[in-house]
Amino acid sequence: MPNALQVKFVNAFFTLVRSGKDYGPNKVVFKVPMTYTKPEIKQYLESIYNLKVLRVNTIIKEGEIKRSVTRGSQGQRYRQPDSKKAVITLDTRVPDSSRQLPHLLRKAE
């Protein structure tokens with residue numbers, strides 16, 4: 001398989017995000033590393049969590065510029081780190097009461 005995607009997941013942290021926006025009954029939102037692409041995110045979720053992923057959409061948010069309020073810093077400005085979220089569409093319905101992955105895994109088994 002020359003076109004097969006081979007990804008090694010070293011120190012990858014995906015954080016489940018509770019979003020204020022309702023994305024739909026079969027979607028969950030993860031905060032993912034900036035370097036991960038859509039195919040890598042899909043392969044990660046399918047291989048680690050045994051989920052059937054239908055679609056991956058990503059949102060990149062540029063870090064905000066803040067001003068420090070510490071004494072003597074004279075309001076120095078700094079930029080928060082950029083972040084990336086992935087909106088994952090699954091083939092199974094995610095429970096409305098809580099959008100937490102362990103509930104999904106118990107239902108799938």
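**Figure 1. Strands β3 and β6 of the predicted model are joined side by side.** In this predicted model, eight bridges join β3 to β6, and the two strands run antiparallel. Strands (E, at least two residues) and helices (H or I, at least four residues) are DSSP runs, numbered from the N terminus. Two strands are said to pair if DSSP finds at least two bridges between them. One position along this pairing is V56, which stands opposite I88 in β6. Strands of a sheet pair through backbone hydrogen bonds, either parallel or antiparallel. Residues are numbered from 1 along each chain as its sequence is written, and side-chain values use heavy atoms, with hydrogens and water left out. Because the model is predicted, local features need pLDDT of at least 70 and side-chain atom pairs count only at pLDDT 80 or more, whereas totals for chains, interfaces and linings use all residues.

**Figure 2. Four strands make up an open sheet.** The order of the strands is β1-β2-β6-β3, and the pairing is antiparallel. The edge strands, β1 (15–17) and β3 (53–61), each pair on one side only. From one strand to the next, the twist averages 30°; axes are lines fitted to C-alpha atoms, for helices over the stretch in contact, and angles run from 0 to 180 degrees between N-to-C directions. β1 and β2 (residues 27–32) are linked by three bridges in the antiparallel sense, and L16 stands opposite F30 in β2. β2 and β6 pair over six bridges, also in the antiparallel sense. A path across the sheet can be followed through V29: V29 in β2 is the bridge partner of V17, and V87 in β6 is the bridge partner of V29.

**Figure 3. K31 is a residue of strand β2.** Is K31 buried or partly exposed? K31 is partly exposed, with a relative accessible area of 44%. Here buried means under 20% relative accessible area, exposed means over 50%, and partly exposed lies in between (1.4 Å probe, protein chains only). K31 stands opposite K85 in β6. K31 and L16 are 15 residues apart in sequence, and their C-alpha atoms are 6.4 Å apart in space. Contact means heavy atoms within 4.5 Å. Leaving aside neighbours within four places in sequence, K31 is in contact with F13, F14, T15, V17, S83, K84 and K85.

**Figure 4. T89 is a buried residue of strand β6.** The relative accessible area of T89 is 10%. Not counting residues up to four places away in sequence, T89 touches N26, K27, K52, V53, L54 and R55. The strand around T89 is mostly covered: seven of the eight residues of β6 are buried.

**Figure 5. Helix α1 (residues 38–49) packs on the sheet.** The helix touches β2, β3 and β6 (83–90), and its direction makes about 125° with that of β3. What span should the twelve residues of α1 have at 1.5 Å a residue? They should span 16 Å, and the end C-alpha atoms of α1 are 16 Å apart, which agrees; the expected span is 1.5 Å times one less than the number of residues. In α1, I41, Y44 and L45 are buried. Seen down the axis of α1, the buried residues fall within an arc of 90°, so they line one face of the helix; the arc is that of the directions from the helix axis to the C-beta atoms. An α-helix has 3.6 residues a turn, so residues three or four places apart point the same way. The buried residues of α1 pack against β2, β3 and β6. Just after α1, N50 takes a positive phi of about 55°.

**Figure 6. Confidence varies along the chain.** The predictor's confidence in each residue, pLDDT, runs from 0 to 100. The chain averages a pLDDT of 78, and 72% of the residues score at least 70. Where is confidence lowest in the chain? Helix α2 (residues 101–108) has the lowest confidence, at a mean of 49, while β3 has the highest, at 95. Over residues 105–109, pLDDT stays under 50, and the model has three contacts beyond four places in sequence for these residues. Where pLDDT is low, the predicted coordinates should not be read in detail.
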